[in-house]
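Trainee: I'd like to go through this one by asking where each label comes from. Can we look at it together?

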Amino acid sequence: IKSSKLRSLNSDLTLYLTNTTRDLSKIIETKEIQLAKTPTSIINEESGDAVAGELEDARLNNIYDMTYAREMSYQLSRVIALLEAIAKTASGSDKDFLQTAHNNLLPIYTSIQAYSTES
């Protein structure tokens, strides 16, 4: 990433993902969810291999920052939609976690989306 603004946004996103993953791990453990039982089709679909290939092509064509911002904006919009959908059926501390995750992600998403439309 060449742009200092995009590097800063990426750093914020990395910090958000690290903290949210840590908090989510506790919930998964408490609820005894077996991640090993996740269907292979879902794992393959969500692996990110296609995105990684697209980003590598963008790097080779010297348009990495623009492509990265556009792709992260799209991926974050998917995550936000999932958080909202799951929160509709959740309750108690699960709903609180989802709402907090949503509220913390939204400003990062908005900033990356704004960056992607500026470029």
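Mentor: Let's start with what counts as a helix here: a DSSP run of H or I with at least four residues, while a strand is a run of E with at least two, and both are numbered from the N terminus. Keep in mind that this is a predicted model, where local features need pLDDT of at least 70, side-chain atom pairs count only at pLDDT 80 or more, and totals for chains, interfaces and linings use all residues. Residues are numbered from 1 along each chain as its sequence is written, and side-chain values use heavy atoms, with hydrogens and water left out.

Trainee: What comes right after helix 1, and what is its phi?

Mentor: Glu32 follows helix 1, and its phi is positive, near 55 degrees. In total, the protein chain has 5 helices and 0 strands, giving the pattern α-α-α-α-α along the sequence.

Trainee: Why does the span of helix 4 count as agreeing with what is expected?

Mentor: The expected span is 1.5 Å times one less than the number of residues. The 26 residues of helix 4 should therefore span 38 Å, and its end C-alpha atoms are 38 Å apart, so the two agree. Helix 1 (residues 4–30) gets a similar check: its 27 residues reach 39 Å from first C-alpha to last, close to the 39 Å expected.

Trainee: Why is Ser116 called buried?

Mentor: Buried means under 20% relative accessible area, exposed means over 50%, and partly exposed is in between, using a 1.4 Å probe and protein chains only. Ser116 has 18% relative accessibility, so it counts as buried.

Trainee: And what makes His102 buried?

Mentor: His102 sits at 11% relative accessibility, so it makes the cut too. Both have their place in helix 5: Ser116 and His102. Across the protein chain, buried residues make up 27% of the 119 residues.

Trainee: Which residues does His102 touch, not counting those up to four places away in sequence?

Mentor: Contact means heavy atoms within 4.5 Å. On that basis, His102 touches Ile80, Leu83 and Glu84. Ile80 and Leu83 are among the buried residues of helix 4. Ser116, leaving aside neighbours within four places in sequence, is in contact with Ala69, Arg70 and Ser73. Also, the C-alpha atoms of Ser116 and Thr67 are 8.1 Å apart, although 49 residues separate them along the chain.

Trainee: How do you know that a polar atom of the Ser116 side chain makes a polar contact with the backbone oxygen of Gln113?

Mentor: A polar contact is a pair of N or O atoms within 3.5 Å; within protein, one must be able to donate a hydrogen and the other to accept it, and residues adjacent in sequence count only if both atoms are side-chain atoms. The Gln113 oxygen lies 2.8 Å from that Ser116 atom, so the pair falls within the limit. At the start of helix 1, a side-chain oxygen of Ser3 comes to within 3.3 Å of the backbone nitrogen of Lys5.

Trainee: Which helices do the buried residues of helix 4 pack against?

Mentor: They pack against helix 1, helix 3 (49–60) and helix 5. The buried residues of helix 1, including Leu6, Leu9 and Leu13, pack against helix 4 (64–89) and helix 5 (92–118).
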